[in-house]
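Reader: I am new to this structure and would like a close look at its aromatic residues. Please take me through them slowly, and then show me how some of the helices pack.

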Amino acid sequence: FPEYQKPLLRHLCTVTIYHWDLKTRELAARSLRGLAPLAPEYVISELLPSIVASTTSPFLAVRHGAITSAGVVAEVLGSRLQKDKKISEVILSVPTNIPEKYTQDFGASLTLSSMASYIGCLSRAGWDIDRSEDGDGTGVRQRQFFESFVQALTVCKEVQGIVPDFTAFVGKYGLSDEQHSITPKNELAATEALVAGLLDYSVDNRGDVGSWVRKRCLETLLVLYGSDRTLAARMAADMVILLLGRTLRAATEKLDRLRERAGQLLEIILYFQQDFMTPTTTTKATTGAVVDPPQQHLQKCLAQLRTCIPPPADFNANSDLRYLGGLSIVDDVYQCYEGEKVGGQVGGRNSGGVNWADPEAAFVQVACALSVDEQRLRQPLFEGLVVTGSAEPLGKFAVKAVALHADALSPTSDDISATRDSGSSKDTAATAPIANEAKGEEESKVEQSDFHTVKWSVDGIVGELTRLLLTDRRTSKVINPALIVADQLIEQGALASASGKAWLSLYQAVRRVAYGLRAPLRLGLCLKLYGSLSLVSDEMARMALESVLAYLCYPIPKIRQLAADQTFAMVCINGVLVDSDEERMERIQTILAETEWMAAKEEVFKQRKTEMAELVKQALDADATQ
């Protein structure tokens with residue numbers, strides 16, 4: 001009915017395409033695709049100008065709806081719009097006129113996906129974008145549109161809808177020789193995007209959905225570095241160290257497939273990257289050439305990693321191809337992508353050097369890399385072991401690997417002390433790796449000229465646990481695992497040789513975590529760790545006991561019961577209090593054992609806490625006088 005066409009179009013183009021709901025805006029754009037050809041002149045003359053003007057709106061919903069709808073109009077009415085050069089220029093300029101900040105700040109992914117949809121509409125409609133203005137088959141606008149697609153495919157998490165638009169763009173306008181080739185810029189961008197993907201630990205009601213992203217990133221990195229022996233040598237040293245650090249963390253994954261892929265990638269970088277096998281940089285004393293310090297430091301890190309992670313059993317440094325277990329890495333990964341079975345499982349095989357599918361063997365082997373003198377490698381690896389160590393059934397293997405590694409370490413590091421003493425007398429070997437927010441981050445960081453290099457020790461392990469506990473408790477996912485692993489390592493005696501200052505920093509970090517906390521699970525872990533800290537020394541036992549006593553009148557019944565249980569264990573089992581007054585000790589045990597801590601009797605708990613505090617103080621004073 002013609003009488004309904006204009007009112008429907010007007011409402012659609014002035015209200016619905018700007019709706020706050022994303023699905024409604026997308027539905028409005030699909031409706032516009034069917035309605036616009038019914039009244040083309042009305043759409044072009046009355047509605048399109050306001051839509052194009054809204055493509056640069058500061059409001060995300062308005063901007064997204066306008067770009068998407070303008071692309072639909074440009075596609076379905078393309079033949080009419082191209083007849084007017086002025087209108088054509090306006091339509092073609094929409095993607096390039098969008099302010100750069102809208103593609104970088106909040107809502108960038110939504111803006112970029114709508115830009116990709118817009119360019120895809122132009123491509124399907126056959127718009128002429130002047131491809132041959134500089135003689136290489138592509139013009140300025142084609143390159144601008146291509147860069148928009150590259151940015152969208154890099155930034156947006158959901159790229160399924162972008163791929164058809166990019167395919168239409170390539171099919172219509174093609175690609176230049178430069179765009180077809182892999183440039184150093186593209187290599188770096190691809191590596192950066194894939195390395196960033198290794199940090200995707202998203203979780204929803206389906207479980208660890210981020211593992212899908214991490215797995216694909218590892219497999220793609222295997223293809224890139226397994227097919228080009230000199231790729232790592234072309235990367236900046238800092239990027240290679242970042243890649244190695246996150247790959248080491250992935251090698252501690254609970255999922256066998258991810259751990260296997262990470263192990264294979266480590267072997268490729270360590271043993272199959274040609275320029276790293278024979279360093280090309282030399283010292284000034286021998287040839288007069290100046291060594292690039294970051295590259296020299298990278299070579300040192302790689303050499304240390306090779307002493308920790310052995311090569312595959314059939315490794316041949318002179319081979320031009322990279323073979324593990326008789327099957328090339330690249331072919332194996334491609335078969336994995338296609339879902340083919342290799343060795344009885346999809347893409348699975350034992351590389352020969354380290355059995356990455358065996359968590360116990362893999363964790364023990366990769367934990368040796370904690371001795372590498374590079375914090376950017378050590379910290380992500382230790383964090384991965386801590387996260388895995390807090391969850392069963394693999395947790396016991398990760399904690400055991402850290403404990404075995406700690407047995408071979410010195411209590412403190414002289415190198416750390418020397419580095420710290422040269423800059424500030426406040427820092428010692430015990431506190432070098434500790435990020436103490438009260439003192440600021442500057443005192444806990446190594447100078448840039450040192451290339452983040454510090455030696456590892458038992459104090460370093462305690463310091464790393466302290467650092468993890470001091471992360472932002474509102475967003476951190478490693479605080480609970482750090483509490484669990486610290487408790488297990490102390491109970492196993494793996495950290496017994498740590499210095500008193502390191503233990504004090506850890507105790508203060510636990511107090512900071514527990515301060516004002518209302519989460520029963522985390523607070524329960526803090527109380528349990530207090531109990532373990534009481535085994536470290538007499539002084540630490542007294543401090544831990546005083547901290548636990550404060551929770552005997554906590555508002556949450558479960559926490560009161562946990563505090564009472566820990567106090568009983570510390571006093572009656574661990575022997576924190578040694579008092580010759582038997583009546584006083586008996587009264588303490590009676591209060592802890594017979595009080596109904598789960599009952600809602602606030603006044604009783606306050607009385608019990610006050611009495612307990614007084615009895616404990618008397619016992620400690622008596623012990624001190626003896």
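Author: What follows begins with the confidence of the model, goes on to the aromatic residues and ends with two helix contacts and a loop.

This is a predicted model, in which local features need pLDDT of at least 70 and side-chain atom pairs count only at pLDDT 80 or more, while totals for chains, interfaces and linings use all residues. Residues are numbered from 1 along each chain as its sequence is written, and side-chain values use heavy atoms, with hydrogens and water left out.

The average pLDDT (the predictor's confidence in each residue, from 0 to 100) is 78 for the protein, and 78% of the residues score at least 70. Confidence is highest in helix α4 (residues 60-76), with a mean of 94, and lowest in strand β4 (residues 345-346), with a mean of 32; helices (H or I, at least four residues) and strands (E, at least two) are DSSP runs numbered from the N terminus. Residues 131-137 have a pLDDT below 50, and beyond near neighbours in sequence this stretch has ten contacts in the model, a contact being heavy atoms within 4.5 Å. Residues 414-454 also have a pLDDT below 50, and that stretch has 64 contacts beyond near neighbours in sequence.

For the aromatic residues, rings of Phe, Tyr and Trp (its six-membered ring) pair if their centres lie within 6.5 Å, and planes under 30 degrees apart count as stacked, over 60 as edge-to-face and the rest as tilted. By this rule there are eight aromatic pairs. In one of them, F149 and F169 have ring centres 5.3 Å apart and planes at 40 degrees, so the pair is tilted. This pair links distant parts of the chain, with F149 in helix α8 and F169 in helix α9 (residues 162-173), 20 residues apart. F149 counts as buried at 0% relative accessibility, and F169 likewise counts as buried at 0%, where buried means under 20% relative accessible area, exposed over 50% and partly exposed in between (1.4 Å probe, protein chains only). Both residues belong to one aromatic cluster, formed by F146, F149, F166, F169 and Y173.

Helix α8 (residues 140-155) also holds S148, which is buried with a relative accessible area of 14%. Apart from neighbours within four places in sequence, S148 is in contact with M115 and I119.

Another tilted aromatic pair is that of Y551 and Y554, with 5.5 Å centre to centre and 45 degrees between the planes. Y551 is buried at 11% relative accessibility, and Y554 is buried at 12%.

Turning to helix packing, the axes of α21 and helix α25 (residues 479-491) come within 8 Å and cross at roughly 85 degrees; axes are lines fitted to C-alpha atoms, for helices over the stretch in contact, and angles run from 0 to 180 degrees between N-to-C directions. The helices α21 and α25 are therefore roughly perpendicular to each other, since angles of 65 to 115 degrees count as roughly perpendicular, under 35 as roughly parallel, over 145 as roughly antiparallel and the rest as oblique. V386, V387 and G389 of α21 meet P481, A482, V485 and Q488 of α25 in this contact.

Helix α26 (residues 500-514) and helix α28 (residues 538-549) pack at about 5 degrees, with their axes 11 Å apart, which makes α26 roughly parallel to α28.

Lastly, P393 is in the loop between α21 (375-389) and α22 (395-407), and the peptide bond from E392 to P393 is cis, with omega near 10 degrees.
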